[in-house]
Amino acid sequence: MKAYVVGVGMTKFEKPESREWQYWDMVREAGSAALADAGISYGDVEQVPIGYCFQPSTAGQRAVYDLGLTGIPVYNVNNNCATGSTALMLARQLVEGGAADCVLAVGFEKMKRGALGGGADGGDFATSPVARHYGVMAARHGFEMTPPTAQIFGDAAREHMEKYGTTEAQLAAVAAKNHRHSAHNPNAQFQDVYDVDDILAARVVHHPLTKLQCSPTSDGAAAAVVVSERFVRSRQLAGRPVEIVAQAMTTDTEDSFASGSCIDVVGQPMSRAAARQVYERSGLGIEDVDVVELHDCFSINELLTYEALGMCEPGESGKLVESGGTTYGGRWVVNPSGGLISKGHPLGATGIAQVAELVWQLRGTAGERQVPGAEVGLAHNIGLGGAAVVTLLRAA
């Protein structure tokens, strides 16, 4: 059975503590927008997978109770930065498996200011779910007094530079592109435009990554209504649906750790495997894709993901972004929303917000950031610990 996204909604992504709201306010705003976009009510929804990382158990119920008290199942999902796409994947599976005809996938986050920690409780990395990942980093690069997530990705950048000759300017070109894209996105946390020199001149977080190459902490929510083909026909939703053509999630394998490389430990093998599965299941390839929303938590991860998705050969990603091949007028438009770096990164919301952007692009309703003629979109969402989700969407 096919699954379609028929409604999407999101809040503006905000700097934490800059707006007086609670997580249920965010979900009410994003969820109501998605339901209105689909032309349905909460009473039509049969199940709700809802993702977040920094709230207590059953916060998902508290959040959606503001949409309605209908007694339907609510599943609380936590999969690090891949939480939103995991909730969406559960929604798709419920629909494709015939367990429900209409599912609301939601992701939200209310965060604190400042850099993310490394997933350790009180700094005890021995008990952290990502202890093995940081252990690989420390064995090769040592441990510096910089934010742990920036450090592990920054060390991946150092390896890429050493191995392939990638330059700091090429890393900065990723951030410059995404900040430029976000200028046309009213939902983005930032709309300021910076050039490569501005990016390089910003404060260094962990060499070679500067502040403007790092995604911020953010508050916000996103939602998507996922329905069956039967539901589309019965509600006469022609014109709204976007098909989820294929989707895959992978987790860490031996390839993540065997090499001792931070490039592998931050998820490039997972991303490559998920993309391969999606291409095999759909019969489509990266050459068929027009627009991509990918997980640029740090500029280096966008380059690593180009290679994992097959957009270029290993080591050629710096040249690809520098050539303009991933912006308007190039082969693909990557992160027209501004990506995590400029749109913002409320962990639980990110994966669903990526799909919301692609739905708008594939409908041709993305306004000033519209990718001309977009028919196929790809979303990539990854979390350390780890999980990588790749979703391929097509205009119905």
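Helix α5 meets helix α12 through Phe153, Ala156, Ala157 and His160 on the α5 side, with Ile300, Asn301, Leu304 and Glu307 as their counterparts in α12. Sorted by class, that contact comes out at 5 nonpolar, 2 polar and 1 charged residues. The model here is a predicted one. As for geometry, the axes of α5 (residues 148-164) and α12 (residues 299-309) come within 9 Å and cross at roughly 60 degrees, which makes α5 oblique to α12. The crossing in which α5 passes α12 is left-handed.

Helix α12 has another helix to deal with, namely α6 (residues 168-182), which packs against α12 at an angle of about 100 degrees with the two axes 8 Å apart. An angle from 65 to 115 degrees counts as roughly perpendicular, so that is the label for α6 and α12. On the α6 side, the contact uses Leu171, Val174, Lys177 and Asn178, while α12 brings in Ser299, Ile300, Glu302, Leu303 and Tyr306. The class split for α6 with α12 is 5 nonpolar, 2 polar and 2 charged. Ile300 of α12 turns up in the contact with α5 and again in the one with α6.

Then there is the sheet. It is an open one built from 10 strands with mixed pairing, and reading across it gives the order β3-β2-β4-β7-β1-β8-β12-β11-β9-β10. The edges are β3 (74-77) and β10 (333-334), each of which pairs on one side only. Over at the β10 edge, strand β9 (residues 291-293) and β10 pair in the parallel sense over 2 bridges, and Val292 has Val334 in β10 as its bridge partner. Helix α12 packs on the sheet as well, touching β9, β10 and β11 (376-383), and its direction makes about 120 degrees with that of β11.

Helix α15 (residues 347-363) also lies across the sheet strands, and its list runs to β1 (3-10), β2 (48-51), β4 (102-109), β7 (220-228), β8 (242-250), β9, β11 and β12 (387-395). Relative to β11, α15 runs at about 175 degrees. Both α12 and α15 thus touch or cross β9 and β11.

On the electrostatic side, the structure holds 18 salt bridges. One of them joins Arg230 to Asp101, with the closest N and O atoms 2.8 Å apart. This pair ties together distant parts of the chain, 129 residues apart: Arg230 sits in helix α8 (residues 229-234), and Asp101 belongs to the loop between α3 (83-96) and β4.

Key
Residues numbered from 1 in each chain as written. Predicted model: local features only at pLDDT ≥ 70, side-chain atom pairs only at ≥ 80, totals over all residues. Heavy atoms only, no water. Axes fitted to C-alpha atoms, helices over the stretch in contact; angles between N-to-C directions. Helix = DSSP H or I, 4+ residues; strand = E, 2+ residues; numbered from the N terminus. Parallel < 35°, antiparallel > 145°, perpendicular 65-115°, else oblique. Left-handed = near helix turned anticlockwise from the far one by under 90°. Contact = heavy atoms within 4.5 Å. Nonpolar A, V, L, I, M, F, W, Y, C, P; charged D, E, K, R; others polar. Pairing = 2+ DSSP bridges. Salt bridge = Lys/Arg side-chain N within 4 Å of Asp/Glu carboxyl O.
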